Amino acid sequence: MDLSILNDLKLTKVAVSKIDTFDFENVKFGEKFTDHMLICEYKNGEWGPVEIKPYAPITLDPSARVFHYGQAIFEGMKAYKDENDDVWMFRPDQNFERFNKSAVRLAMPVIDETRFIGGLRELLKVEKAWVRKGLGNSLYIRPFMIATESGVIASPSNEFIFCILLSPAKSYYSGKIKVQIADYYSRAANGGIGAAKASGNYSAQFYPTKLAQEAGFNQVIWTDSTHTHLEESGTMNVFFRINNTLYTAPTSDRILDGVTRKSLIALGEHLGYDIKIEPVQVDTIVNAAKNGTLKEIFGAGTAAVVNQIEGFAYKDDYYQLPDVSDKDSYALQLKEALTKLQNKLSDDPFNWTTKL
Ligand code: COI
């Protein structure tokens with residue numbers, strides 16, 4: 001990392017912090033942000049200086065490409081505080097790499113590690129007090145990049161803004177959720193942008209997810225274009241437990257290479273689970289639900305952490321999953337192992353946590 005890039009970092013602090021009146025206990029995911037944000041502009045073929053300044057609106061030309069063609073990507077990552085008040089980032093290298101993969105796929109410029117991870121470190125140093133300790137607490141980190149060049153010509157922008165926001169967070173869902181398996185709408189296609197963390201991947205899901213919610217479900221589990229294989233849910237990768245084997249779909253052009261997903265696979269293997277990364281057929285899961293061998297389904301993502309699924313609908317039928325005790329639940333065992341590691345309440349044999 002070439003730290004000299006940060007020599008001209010500009011830091012402007014707020015006159016009065018919002019922290020004293022902030023309700024950390026009741027904050028909803030992603031609704032409120034800390035005092036400062038990081039911003040950096042790309043113009044004339046290069047990234048400019050990094051600026052940390054008070055959280056405030058960004059002014060853009062109404063014809064900026066992001067408004068018309070959705071040239072936008074983002075990441076989701078988290079920071080934690082340990083018992084000694086030290087702040088730790090969880091696998092920031094993975095988000096940095098994926099951000100640049102998304103950038104390439106969306107014809108956007110890649111960003112260097114110094115501005116992304118080095119800049120984030122500087123922002124976190126300013127906002128350290130916003131990271132709360134204790135299991136279940138974290139500071140959600142939202143880096144994003146948008147196309148800012150004006151003009152409605154349908155071609156990639158030559159100007160961009162990279163920005164990082166911080167938001168105190170508990171988990172995304174507050175309990176078990178019900179899902180619907182997609183049998184008509186699709187989230188992604190071969191050769192498409194499904195594997196990128198592109199903003200459009202999420203807006204494309206809003207309408208079918210709204211229909212699912214109107215029918216009483218929280219989320220959709222997306223299937224491939226033939227609607228025969230289970231892929232991922234809107235905010236999470238998905239795991240299926242049949243008897244004592246855990247299945248999850250391999251990543252592909254259509255599936256996000258989730259950092260929580262790959263961390264759970266490694267943790268599960270470490271705990272001695274039998275884990276199979278292979279295409280998961282809808283029929284296999286429906287039959288396993290019918291014959292009682294389907295024990296658990298759960299989602300995994302940075303925002304959601306590990307979220308248990310209580311049942312799923314497929315076409316006209318609903319399948320309720322059996323009650324597995326908390327002690328015997330793979331979802332909860334993995335959640336505990338992951339969150340303890342992230343909060344520095346257990347060892348980190350993988351060296352995933354990085355101290356600020
Ligand atoms: C995350 O888990 O960080 C995500 O990006 C999901 C998001 C849509 C809340």
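**Figure 1. Leu106 in the loop between α2 and α3.** In this predicted model, Leu106 belongs to the loop that joins helices α2 and α3. Leu106 counts as buried because 21 C-beta neighbours lie inside 10 Å, and 20 or more are required. Apart from neighbours within four places in sequence, the contacts of Leu106 are with Gln71, Ile73, Ala196 and Ala198. Thr293, by contrast, stands 187 residues from Leu106 in sequence, and the two C-alpha atoms are 42 Å apart in space.

**Figure 2. Ala107 in the loop between α2 and α3.** Ala107 is located in the loop between α2 (92-105) and α3 (113-126). Its phi is near 55°, a positive value in a residue other than glycine. Most residues other than glycine have a negative phi. Is Ala107 buried or exposed? Ala107 is exposed, since its C-beta neighbours inside 10 Å number 11, and the limit for an exposed residue is 12 or fewer.

**Figure 3. Helix α2 and its buried residues.** The 14 residues of α2 should span 20 Å at 1.5 Å a residue, and the end C-alpha atoms are 20 Å apart, in agreement with that expectation. Pro92, Asn95, Phe96, Arg98, Phe99, Ser102 and Ala103 are the buried residues of α2. Ala107, with its positive phi near 55°, follows this helix.

**Figure 4. Leu120 in helix α3.** Leu120 forms part of helix α3. The residue counts as buried, having 23 C-beta neighbours inside 10 Å. Leu120 touches Pro92, Ile141 and Ile164, when residues up to four places away in sequence are not counted. One of these partners, Pro92, is also among the buried residues of α2. Leu120 and Leu38 are 82 residues apart in sequence, while their C-alpha atoms are 7.6 Å apart in space.

**Figure 5. Gly136 in the loop between α3 and β8.** The loop that connects α3 with β8 (138-147) contains Gly136. Gly136 is exposed, with 11 C-beta neighbours inside 10 Å. The separation of Gly136 from Arg261 is 125 residues in sequence and 18 Å in space, C-alpha to C-alpha.

**Figure 6. Asn243 in the loop between β13 and β14.** Asn243 lies in the loop between β13 (236-242) and β14 (245-248). This residue, which is not glycine, has a positive phi near 50°. Within 10 Å of Asn243 there are 10 other C-beta atoms, and the residue is therefore exposed.

**Figure 7. Ala300 in strand β17.** Strand β17 (residues 294-301) includes Ala300. How many other C-beta atoms lie within 10 Å of Ala300? There are 27, and Ala300 is buried. Residues up to four places away in sequence being left out, Ala300 touches Met236, Asn237, Phe239, Gly258, Thr260, Arg261, Leu264 and Val306. The C-alpha atoms of Ala300 and Tyr184 are separated by 24 Å, and the two residues are 116 residues apart along the chain.

**Figure 8. Packing of helix α5 against helix α7.** Two packed helices are described by the angle between their axes and the distance between the axes. For α5 (residues 259-270) and α7 (residues 330-342), the angle is about 105° and the axes are 10 Å apart. Helix α5 is therefore roughly perpendicular to α7, as angles of 65 to 115 degrees are so described. On the α5 side, Ser263, Leu264, Leu267 and Gly268 make the contact, and on the α7 side Leu334, Ala337 and Leu338 do so. Of the residues in this contact, 5 are nonpolar, 2 are polar and none is charged. Leu264 also appears among the residues that Ala300 touches.

**Figure 9. Helix α7 and its buried face.** At 1.5 Å a residue, the expected span of the 13 residues of α7 is 18 Å, which agrees with the 18 Å between its end C-alpha atoms. Which residues of α7 are buried? They are Tyr330, Ala331, Leu334, Lys335, Leu338, Leu341 and Gln342. Seen down the axis of α7, these buried residues fall within an arc of 140°, so they line one face of the helix. An α-helix has 3.6 residues a turn, so residues three or four places apart point the same way. Lys344 follows α7 and has a positive phi, near 60°.

How values were computed:
Residues numbered from 1 in each chain as written. Predicted model: local features only at pLDDT ≥ 70, side-chain atom pairs only at ≥ 80, totals over all residues. Axes fitted to C-alpha atoms, helices over the stretch in contact; angles between N-to-C directions. Helix = DSSP H or I, 4+ residues; strand = E, 2+ residues; numbered from the N terminus. Parallel < 35°, antiparallel > 145°, perpendicular 65-115°, else oblique. Contact = placed C-beta atoms within 7 Å. Nonpolar A, V, L, I, M, F, W, Y, C, P; charged D, E, K, R; others polar. Expected span 1.5 Å × (residues − 1). Arc of directions from axis to C-beta.
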